[in-house]
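Hello,

Here is the structure I promised to pass on. My notes follow below it, and I hope they are handy when you open it up.

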Amino acid sequence: MTVALLKSQILHMSIEKQETLLKLAILTVAAVLSFSTRLFSVLRFESVIHEFDPYFNYRTTKYLAEEGFYKFHNWFDERAWYPLGRIIGGTIYPGLMLTSAVLYHVMNFLHVSIDVRNVCVFLAPLFSSLTTIVTFFLTRELKDTGAGLVAASMIAIVPGYISRSVAGSYDNEGIAIFCMLLTYFFWIKSVKTGSLLWSALCALAYFYMVSSWGGYVFLINLIPLHVLTLVLTGRFSHRVYVAYSTVYTLGTLLSMQIAFVGFQPVQSSEHMLAFGVFGLCQLHAFTDYVRSRLTTEQFNVLFRSVLMAAGSVALAAMGILTITGKIAPWTGRFYSLLDPSYAKNHIPIIASVSEHQPTSWSSFYFDLQLLVFLFPAGLYYCFAKLTDANIFIILYGVTSIYFAGVMVRLMLVLAPVMCILSGIAVSTALASQIKYLDAPRQGSQSSEKKPKKGEAVVPFRSEVAWTFTVLISLFLVSYTFHCTWVTSEAYSSPSIVLSARGHDGSRIIFDDFREAYYWLRMNTPDDSRVMSWWDYGYQISAMANRTIIVDNNTWNNTHISRVGQAMASTEDKAYEIMRELDVDYVLVIFGGLTGYSSDDINKFLWMVRIGGSTDRGKHIKENDYYTPSGEFRVDVEGSSTLLNCLMYKMSYYKFGSVYTEGGKPPGYDRVRNAEIGNKDFELDVLEEAYTTEHWLVRIYKVKKLPNRGV
Amino acid sequence: MGFRIKVYLICLFVMLTGFCTATSEDILIKNAERTIDLTSQLVKITHRLTLSNTGKSSVKSFSFPIDPKAQEKLSYFKAQLADGKESSGELKTEFSTVKGILTYKITLSSSLEPGQIVKVLVGTVFTHHLSPHPKEITQKEKQLVQYRGNAYIYTPYKVTTQTTKVLLSSSTVESYTKVKPSSQSDSTITYGPYENVAPLSEEGIIIHYENNTPFLSVGHLLRHIEVSHWGNIAVEETLDVYHGGAKLKGSFSRFEYQREQSGVSSVKSFKTVLPELAADVYYRDEIGNISTSNLRQEDDGDVSLELRPRFPLFGGWKTHYVVGYNLPSFANLFNSGDEFVLQMDLISHIFDHMVVDDALVRIILPEGASNIEVETPYAVTRLPDSLHFTYLDVKGRPVVEIAAKNLVENHIQPFKLRYTFSRIVMLQEPFLCVLAFFLLFLTFIIYARLDFSITKDETCDNRSRAAVMVEHIRNHYLKRSTLFQAFETQVAKLKSSRDINAFQAAAKNITSDLRAQILDLPSSLKSESPQLNDRVTELQKQDKAYRDFQSTHAQLVERLVSGKINKAQFVDAEALLTKKRDELVEKLNHLINTL
């Protein structure tokens, strides 16, 4: 008889509390997930710094943590770009290193014993967790909490962002994306409220962004573009005026504090849009003020004359400044953004970097999957309900998709906006359907609900809603699987340690890079100078701690070209160059034995091109290294210039007698799939100093000049 | 100047002879067998001496000077009685530098009476005594080394008969100094027997032979032992290892190394034996994990770790690495009350025939350990104690630092470290964690509960007030529902017991309770939140309906009990009521849940 009255008493939280709990739970899970999904490489290999640039960042961070800020700021590194050296303090964005060093010191102050390396390894995952949270806030400002949560969950695992922020990938981008989204969030806030507080915060976030990544240029063009669009669409208001004026002035002043940026914000053309829009804002505000005080006719006369005068003065000033060189010419990297073929035609060193190549369609899908399709839907929803904030996100989406198309690297900038817009799309679409899920059950009970909505009764309302919801859920699940798969397969290899599967399925580790670097570190004189192609510069200086000729900073094209010339010349010509550069050891990467395809022979054409791009290397012509039929071959049919150049000899020294594969002649190169053409040769000016176990890295010692009379 | 030196020399000689005569008169070495083991990079010399007392008085001790040419290289010295069990007869030794000569004074276990003899075994180990010759070799060449020594035993006593056997690592001997009678057979060279050799006589010998055994030395060893009272001892060793043999001349060819088995004197890998219970072993260096290592559990229980440096070590090459592992503390840490004793090897095995030039052992004790006393198996330098800070430390952990030089495998002996540690201090760390989290949550609680804004947000206020109200109403109905249920239980009881009086008394109680329970709502509710007000009104209506149902039901049962209606009528009526009741319950539940 007794039926429990008031059954669901246990969970009697108010709706609001439930919502908060749910929100917190989802956000926490997303943040934790974004951290943990980036740990594949640490679990599979070890806590180690990846790739090339991160090694430089790691080295500088270590220096900063040990020596303090002022020493770091004044650091002249004589171990790189021998004999030029490099002023590290003035040529880097120090945000990343400062962040890690502060974290390191705080942790150690609290007696949490963590070393610099681990701080560096886990910094990027940590910041992606923060990015997840910021994305939530940003999207909430744009749409609502639901969209924010979806966007946060999406950005937690989006491969386009993970590719640059896995544990160990200690690069500027790792924290820059966080800074960028933070700046956007504060910007939206300040545009919405027109409050000085938010604008000042926005300027601070912008300062952090400038201190950490050169990509800040994108921000300082996007925000003015937003303001400009608002002006053109007649949405200019006092809020926008306050926001932009504050952000621009404060932000520019702050950004000039970074030594590497210096006076660029007022000189280079990349920053001119921001400056122009700032002026426009003042004029617009002033015009509005004058207009409110004058009659229409008076105003028109005044407006026209002032416009003419101001325009001509501005043009003249611009012209003079450009001619006198006060306004920096457009830099190559920026040109290549606007015109994809620019770099290829003009600057081989930019074109040679794989991450500067245009993005292929497949990599869009690979890095973003579902988001590619949800992006237009999100744009649609933003257009459907235009606000100042939505205009911003539309602009961000459209510009970044263009830039991502130009350069693979900028996929990183696109990924967040893809997530935000997709979050909006999914959330809005689901919200429109999910309320009909239990339509029939309510129908019998609360009959008063239906007429209230005033909707026509749609047949199969609930079924349609169910189908839709299940479908979207399936898509989202497939997105999750795809992201995890991509992360685990493509983006979680440290590239410093290679692994392969043996015949019996066991894992073979190729640790040759570190073997060679450590050999250099332990068994060469402390001041020896190592020449290698610039790719390995940062790794050598960080791991081997030896002086290098060129590194990944590629700031001096002639110097790199000189190294390219040495590699591309015959032994005696190369010896002159090596003596000129005081080289003690030469390091080459050779994959012929193991089948490692990104070795120096495969990069060799770039060395030839870059080597031949300066005056002193005029004699080096790319065509000499091809067969008459225009092929790049290392076998007997290869061009004799190639077969006798230094790079070839160093790679294949004594390789001619090695059996690499069953059924193939000795000296069979497993990367180029050819038996090498020049086998039995001796080196005159070099001697083999060390070759790693799998022949991946070969180090040669440059012989001293023979004694007279010997 | 020259005169002065001469004077000194004369003095020295006089004193030396004086010193010798003091005891040499009494002691005669009847027979001495010496084995010089040159099979590894170490020089291990064992002397089997038969001492006899030819004097008048009994002798308590005898001295054993070390050849001045090699005394710098002496690493280990041990004397024991030769007869009987080897372990028991260890003799007490103390050393002093007498007139520039390092001399050990060996005290016999029982004094040697005149005319008696005693057999004593004296073992010495020298490091860096073998020098490569030539100093540099190419990759293909074999390593040749030279041993420079004395054909006779260096002793202040007269030796009646003595023989020396030199064990070599290979039979390839380039040359050896011949002091008749001497002979070589296979990898052994024998000097002697020599008869009646005068005290301290010298006859230099040079043996030049092939020795391709690993000439590995540890330049510097830093050994960290971190004791945790939570059951773990973490050991970490940082080592600078170098190949001290003949230096590699010219180039290193990987091709030849892989194909032709050249570089025989180079070291590709070595084996480190770790303690039996070692776990979580790691092997790394400054640039990360070294992936070429193998861990094996040996049959005798020891854990052996096969370490392969990143690159083979040729003569003159060096490497640097870190090996670490954890040990459970029960095997090494003993206590009685708050007194603890840590007993561990001062240094541990690194590779066979190892040489450690310089060792620093840092023992990190838990925070709060005091009265530290160290007892070492051999003479070492104890450096001043320091403090170490790590996780959750407040005042730092005491660190005992011990430095030692020139060590070999024989030095793997346990030290004892006594200290006092109050166990209650162990709770400090968990307490710190709890405190930190408590403060964190407290801050959040305070932040969430208090309003820090200087302006008043009306809508937000109303909403939170309404939320409080809803909570209040809900609690009210929760209480009410228990009363309702109590009433129903009474009705059910009545049905079975048929005791109307008892029921009425109970029913009265419950009814009065229900009446007394009044939902007090602020009068402002209507204006602030009209929606909620409507719902509350509706709720109260339903509540009343439910009360009506209950009283009707009670009356019905009473009538049944008093026999006013028959069973069939009752069942029909009750079924109707139950249906109505179910509807009411659902409505009430729905209303309350969607307040």
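The buried residues of H8(B) pack against two helices of chain B, H4 and H7 (530-561), where contact means heavy atoms within 4.5 Å; helices (H or I, at least four residues) and strands (E, at least two) are DSSP runs numbered from the N terminus. Among those buried in H8(B) are Phe570(B), Leu577(B), Arg581(B) and Leu588(B), buried being under 20% relative accessible area with a 1.4 Å probe, protein chains only. H8(B) has 27 residues, so at 1.5 Å a residue (times one less than the number of residues) it should span 39 Å, and the 38 Å between its end C-alpha atoms agrees.

This is a predicted model: local features need pLDDT of at least 70, side-chain atom pairs count only at pLDDT 80 or more, and totals for chains, interfaces and linings use all residues. Residues are numbered from 1 along each chain as its sequence is written, chains are lettered from A and ligands numbered from 1 in the order in which they are written, and side-chain values use heavy atoms, leaving out hydrogens and water.

Now to the interface. Chain B brings 51 residues to the contact and chain A 41. Together they bury about 4,300 Å², 51% of it on carbon and sulfur atoms; this is the accessible area (1.4 Å probe) that the two parts lose on being put together, summed over both. On the chain B side, Arg254(B), Phe255(B) and Ile287(B) lose the most area to chain A. Arg254(B) also forms a salt bridge with Glu515(A), at 3.1 Å from N to O. The two chains share 5 salt bridges, each a side-chain nitrogen of Lys or Arg within 4 Å of a carboxyl oxygen of Asp or Glu.

Best wishes

Notes
Buried < 20%, exposed > 50% of the residue type's maximum accessible area, 1.4 Å probe, protein only.
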